[in-house]
Amino acid sequence: KELKEILNLDLPDIEYVGLINNDTSCYHGHRHITNYEDLIDSYTYLEEIGSSYYKVHNCFPFELLPQLDSLATKHNFEFGGHIPEGIDPLQFVRKFNNINSIEHVSVLLRALSFRIENPLNMIEAVGLLDGQYLDSLAYSMKEKNIAFTPNLLSEMEFIKSYPDDQKHLGEALLNRLLEYVKRISDHGVIILAGTDNGLESDDDVNLYQELELLSQAELTNLQ
């Protein structure tokens, strides 16, 4: 509320924008989307509060994405966030017309590991992203003006939880993720700075830490 007053924005509360499936693998408090009727209800709610953005989670049923995309076209709103489990990242970007952003660099690895067709283990997923696949993905994102919010700080915080004898593996993974952000940026994709910590009192510090990590990914100060 304070941020909205400072920026003089007439927007709904940010927390109500997230409308996603809520099963055992998802966080509590998100809206439960399991069928087309749920999708219509959730869109109607967004329309009532004046929002034109629909956030999806990795738990959003990927088979409902065509219907979501059709609704977005008909009612002039956009969606983004995670890549729902079940769909390949490149297919996700190329198939739908109303995506405006993708969140979390690690969601690329997760989506490859949980895609329905030819799921990959972590090593295979890293190998695929190390090749031309990531360049094709970034090219398609640039072509469709899809922004990317890597959330590197949340990756770094997760890696801190690694056991001491595996810290080197976590650091190597973080360096690889930094390389992915750099390659995506080199294709002209807009990189957004954001954290998973919400609008807490110390989020300004977290945001600066995110900017520092983007610098480690070799983005320029201007970028």
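**Aromatic cluster and strand pairing**

One aromatic cluster is formed by Tyr43, Tyr54, Phe60 and Phe77. The model is a predicted one. With ring centres required to lie within 6.5 Å for a pair, the count comes to five aromatic pairs. Tyr43 and Phe77 make up a stacked pair, with 5.3 Å from centre to centre and 20° between the planes. This pair connects distant parts of the chain, the two residues being 34 residues apart. Tyr43 belongs to helix H2 (residues 36-49), whereas Phe77 lies in the loop between helix H3 (65-75) and strand E2 (78-81). Both Tyr43 and Phe77 are buried.

Strand E2, which follows the loop that holds Phe77, pairs with E3 in the parallel sense over three bridges. Within E2 and E3, Gly80 stands opposite Ser101 of E3. The two strands are also part of a right-handed β-α-β unit, made by E2, helix H4 (residues 89-95) and E3.

Strand E3 (residues 99-103) pairs with a further strand, E4 (residues 147-149). The pairing of E3 and E4 is likewise parallel, over three bridges. Here Glu103 has Thr149 in E4 as its bridge partner. Four of the five residues of E3 are buried, so this strand is largely enclosed by the rest of the structure. Strand E3 thus has parallel pairings with E2 and with E4.

Conventions. Residues numbered from 1 in each chain as written. Predicted model: local features only at pLDDT ≥ 70, side-chain atom pairs only at ≥ 80, totals over all residues. Heavy atoms only, no water. Phe/Tyr/Trp six-rings, centres within 6.5 Å; stacked < 30°, edge-to-face > 60°. Buried < 20%, exposed > 50% of the residue type's maximum accessible area, 1.4 Å probe, protein only. Pairing = 2+ DSSP bridges. Right-handed = clockwise from strand over helix to strand, strands pointing away.
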